[in-house]
Every structure is written in structure tokens, then in C-alpha cells.
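Colleague: I am new to this model. Please take me through one strand in detail, then show me what lies around it.

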Amino acid sequence: MTDKRGLLERLDEGPVICAEGYLFECERRGYLQAGAFVPEVVLEHPEVVSQLHREFVHAGSDVVEAFTYYAHREKLRVIGKEHLLEELNRTALRLAREVADESGALFAGDISNTNVFQGDDASRAAVRAMFEEQVGWAVEAGVDFVIGETFSWGEEALIALDVVKQTGLPAVITLSIHKEPTVREGWTPVETCKRLEAAGADVVGLNCIRGPETMLPLVAAVREAVDCHVAALPVPYRTTAEEPSFQSLSDPRVEGRPFPIALDPFTCNRFELAEFGAAALDLGIRYLGVCCGAGPHHIRSLAEAVGRSPEASRYSADMSKHAFLGTDSAIPGSYRDYAEKL
């Protein structure tokens with residue numbers, strides 16, 4: 001039986017899990033190029049995108065988010081494929097809609113940072129036009145709500161919000177905070193989220209850039225300051241006070257920055273994401289997820305930590321059955337005895 005309640009109804013009742021991280025996961029699987037990070041996989045290998053949607057829902061995501069991150073005019077222009085803009089967006093929305101319909105998950109449209117915003121009138125007009133065409137296609141596809149994500153400019157986030165609010169759909173707007181604990185105008189996350197709430201955002205918060213350790217204090221402050229629902233979707237990497245963003249992580253074994261393709265040694269295990277989810281929910285943060293770098297195992301652990309039992313929980317670890325480390329009576333005692341020598 002499918003769950004037909006909308007986003008805000010679900011949030012009023014409890015946590016909502018939203019799996020992100022499609023860019024990094026498709027890159028790891030060999031279907032997307034790091035650098036431009038344009039989601040050409042939507043057109044070249046749609047079956048990969050559909051399967052990843054299904055894997056995230058299976059792991060506990062309540063939302064199927066159309067893979068239209070960086071599918072805007074500016075990014076496609078960078079790779080000389082601006083003519084594919086509408087086809088890519090409409091296809092991504094169709095793929096997400098199919099999985100949402102079959103699973104009962106919420107269907108979300110997605111717009112993101114444009115990398116052309118400069119705070120002048122020309123860039124304001126340019127980003128608004130990009131948002132309007134993407135949101136227009138999302139509305140035509142029948143999305144339940146629209147996500148505006150990964151904004152490091154507060155004003156760009158406000159423009160995205162204004163475009164979404166004109167559709168009458170719920171708006172989830174999330175900021176990305178780099179090394180400095182502000183957006184690029186110098187506003188704090190609290191100040192920026194208060195501006196977004198005042199402008200009509202239904203959910204405000206943070207996504208991407210920071211790992212659990214360096215995101216949690218920031219979203220805790222946001223939760224204290226606003227009345228609307230709050231979102232928290234960290235990257236699954238061990239950022240620290242000294243290196244608070246995953247772009248700023250350093251590794252002496254790597255020439256240059258480990259970001260974005262040598263971050264493996266910094267990856268959080270599933271227990272760390274579970275701890276983050278439980279801590280965030282305890283603060284009253286209900287829109288939860290994991291961003292770039294997330295695998296389905298991270299989503300499952302996050303979901304379980306907030307009281308869910310997704311289909312994938314059938315396969316959650318049971319080490320009692322392990323040949324050497326297990327305690328089940330069917331395991332020969334000599335094998336258990338050998339465990340210390342493994």
C-alpha cells in the first residue's frame with residue numbers, strides 16, 4: 001500500500017529520509033565524469049539512474065529526487081551540450097517519477113547552485129531564468145515538492161525559493177557552508193535560514209560540503225532559530241574543525257586536494273551516519289539524508305537510527321552467523337577459537 005501523504009504532512013508526523021549523492025555514486029560506478037559533474041548518465045545510461053533510485057528507496061529513502069543536479073544551462077554549456085538541456089531534465093524527471101509511483105515515495109524536483117551568480121543584476125536574471133525553466137519542467141512532470149540545494153550564496157537561494165514558491169509547491173532550500181561558517185555574503189547559516197523562512201520556505205537547512213561532525217553544530221543553531229522544518233544532509237566524510245569541508249581535507253599521500261576523487265580514506269562508516277541521524281532527530285531536525293558520497297548502506301543506517309525498518313533492513317548485519325566471529329551454535333567451536341588469529 002502506497003503512502004499518499006505529502007511532504008509537510010509526513011514531516012509533521014516524524015522524520016523524512018531523502019537520499020542524495022547521485023553524482024558521486026554514478027562517478028564511482030563509471031558512468032559520470034568528475035570535474036564538470038554533469039549528469040549525462042541520465043541520457044546515456046538511464047537504467048543506471050533508475051536502479052540507483054530503487055536502491056535508495058530500498059535502503060529507506062522516502063524521496064525519489066530527480067537527478068537534475070547540475071543539469072542546468074550553465075553546466076551543459078561548459079561541456080558543449082546545451083542543446084540537451086530539456087531532454088536531460090525531462091528524462092531525469094520521468095525516471096524519478098516511475099520509481100516514485102511504483103514505490104509510494106515522494107517525487108521531488110531539484111534545482112541547484114549555478115556557479116554564475118555574482119550578486120549583480122545580470123547574474124540575478126541569468127540564474128532566475130535557469131531556475132524557471134527547470135522548475136517549469138518539474139511542475140509539468142507532477143513533482144510533489146521542489147528541492148533547491150547546495151547554495152553558497154544566500155541571495156541565489158532566495159531567488160530559487162521565489163521561483164519555487166510561485167508554483168504553489170512546498171520548497172526545501174538548503175545551503176552549503178564551506179570553510180568559513182557563513183554564506184558568501186557573510187551571513188551566518190542562522191541568519192540566512194531565517195531570511196529563507198521569512199520568504200516562505202517550508203524546509204530550510206544545510207546539505208553537502210560538511211561531514212557529520214562539522215555540520216551538526218550549524219544545523220543545531222538553525223533548529224533553535226527557526227519555526228519551520230529543518231534539513232540536514234551531510235557528506236559522509238570525516239571533516240574536522242581544522243578541515244571543516246570535504247574540499248579542504250588534506251592527505252600527505254595525495255598530491256593536491258583529495259577532493260573529489262581521492263576521498264576514500266575519509267569515508268564515514270555506517271555507524272557514524274546513524275549517530276548523526278539520531279543526534280539530529282533528537283534536536284528536532286526531521287528532514288534527514290546524506291549527500292555526495294552516500295551509498296545505500298549509509299541511507300539504511302540513517303533510516304534505522306531514526307526508527308525505520310526499510311526493506312533493506314532484512315539484510316542488516318547479523319554477525320552471530322559469521323564463520324569465525326559468530327556465536328551461533330551451528331558454528332564449529334574450533335573456528336570461533338581461531339578468530340583471534342584472523
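**Strand β8 and its surroundings**

Modeller: Start with one pair: Val16 has Tyr287 in β8 as its bridge partner. This is a predicted model, in which local features need pLDDT of at least 70, side-chain atom pairs count only at pLDDT 80 or more, and totals for chains, interfaces and linings use all residues. Residues are numbered from 1 along each chain as its sequence is written, and side-chain values use heavy atoms, with hydrogens and water left out.

Strand β8 spans residues 287-290. Strands here are DSSP runs of E with at least two residues, helices are runs of H or I with at least four, and both are numbered from the N terminus. Two strands count as paired if DSSP finds at least two bridges between them.

β8 pairs with β1 through 4 bridges, and the two run parallel. It also pairs with β7 (residues 229-233) through 2 bridges, again parallel. There, Ala232 stands opposite Leu288 of β8.

Now the faces. In a regular strand, side chains alternate between the two faces of the sheet. In β8, Tyr287 and Gly289 lie on one side, and Leu288 and Val290 on the other. All four are buried, so both faces are covered. Buried means under 20% relative accessible area, exposed means over 50%, and partly exposed is in between (1.4 Å probe, protein chains only).

Next, follow β1 outward. β1 (16-19) is among the elements that cover the buried residues of α4. The others include α2 (22-28), β2 (63-65) and α6 (85-103). Contact here means heavy atoms within 4.5 Å.

Helix α4 itself covers residues 46-59, 14 residues in total. It reaches 20 Å from its first C-alpha to its last, close to the 20 Å expected at 1.5 Å a residue. That expected span is 1.5 Å times one less than the number of residues. Its buried residues include Val48, Leu52, Phe56 and Ala59. Just after α4, Gly60 takes a positive phi of about 130 degrees.

α2 brings in charge. Side chains of opposite charge can pair when their charged atoms come close. A salt bridge is counted when a side-chain nitrogen of Lys or Arg is within 4 Å of a carboxyl oxygen of Asp or Glu. By this rule there are 22 salt bridges. One of them joins Glu25 and Arg28, at 2.3 Å from N to O. The two are 3 residues apart in α2, so about one helical turn separates them. Glu25 is buried, at 9% relative accessible area. Arg28 is partly exposed, at 43%.

Another salt bridge links Arg73 to Glu82, with the closest N and O atoms 2.8 Å apart. Arg73 is partly exposed at 26%, and Glu82 is partly exposed at 25%. Elsewhere, salt bridges with shared partners join Glu25, Arg28, Arg29 and Glu55 into one network.

Arg5 and Glu13 also form a salt bridge, with the closest N and O atoms 2.0 Å apart. Arg5 is partly exposed, with a relative accessible area of 28%. Glu13 is exposed, at 57%.
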